[in-house]
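Colleague: I am new to this model, and I would like a close look at one part of its surface, followed by the charged pairs elsewhere in the chain. Please take it slowly and explain each term as it comes up.

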Amino acid sequence: MSTQLTAGQRAWLEAALVQRQHQLDRRLEDHHQGLSRAEHAHELREQDHDDQPQREDERDVDMALSDLELRELGEVSAALRRLQAGAYGRCADCDEAIPFDRLKAEPWALRCVGCESRRERRQRS
């Protein structure tokens, strides 16, 4: 089985990355309504002082979702840069080709399944 990506696979993955980038951009724009992250947090804090504890919980969830979306957007953008630089699809740890099926599931993946599993186990320890 070939681990090298074909031109068609690369094109498919690039399209998936660009589509995900646009989705995340739209979600963040809708989420923040054109405000910076700090302005958005301040606006949430200022709303409805009557129910302060609930608002604080909502703000925490809102900020956590923004953080996740921003992190994923950074990963997608980095994957697109690697694709343009010709460094896409290689494991950051072992330098082996990342299989197409892995990249289909997570096009911004930096590591093959084996190396990512080892990394996650180390982080839990």
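Modeller: On the surface, V61, L65 and L68 form a nonpolar patch, and together they have about 270 Å² of accessible area. Such patches take residues with over 30% relative accessible area and no salt bridge, joining nonpolar side chains (Val, Leu, Ile, Met, Phe, Trp, Tyr) within 5 Å and like charges within 9 Å; the areas come from the Shrake-Rupley method with a 1.4 Å probe, and for residues only the protein chains shown count as cover. This is a predicted model, in which local features need pLDDT of at least 70 and side-chain atom pairs count only at pLDDT 80 or more, while totals for chains, interfaces and linings use all residues. Residues are numbered from 1 along each chain as its sequence is written, and side-chain values use heavy atoms, with hydrogens and water left out.

Within that patch, L68 belongs to helix α3, which covers residues 52–85, and L68 counts as partly exposed because its relative accessible area is 45% (buried is under 20%, exposed over 50%, partly exposed in between, with a 1.4 Å probe and protein chains only). The chain has five helices and zero strands (DSSP runs numbered from the N terminus, H or I of at least four residues for helices and E of at least two for strands), and 32% of its 125 residues count as buried.

Helix α3 also holds a charged pair, E75 and R71, which sit four residues apart, about one turn of the helix. Their side chains meet in a salt bridge at 3.6 Å, N to O (a side-chain nitrogen of Lys or Arg within 4 Å of a carboxyl oxygen of Asp or Glu). E75 is partly exposed at 30% relative accessibility, whereas R71, at 52%, counts as exposed.

The structure holds nine salt bridges, and one of them joins the side chains of D95 and R90 at 3.8 Å, N to O. Here D95 is partly exposed at 48% relative accessibility, and R90 is partly exposed as well, with a relative accessible area of 35%.

In helix α4 (residues 100–105), K104 and D101 are separated by about one helical turn because they lie three residues apart. These two form a salt bridge whose closest N and O atoms are 3.8 Å apart; K104 is partly exposed at 38%, and D101 is exposed at 56%. Beyond this pair, D93, R111, E116 and R119 are joined into one network by salt bridges that share partners.
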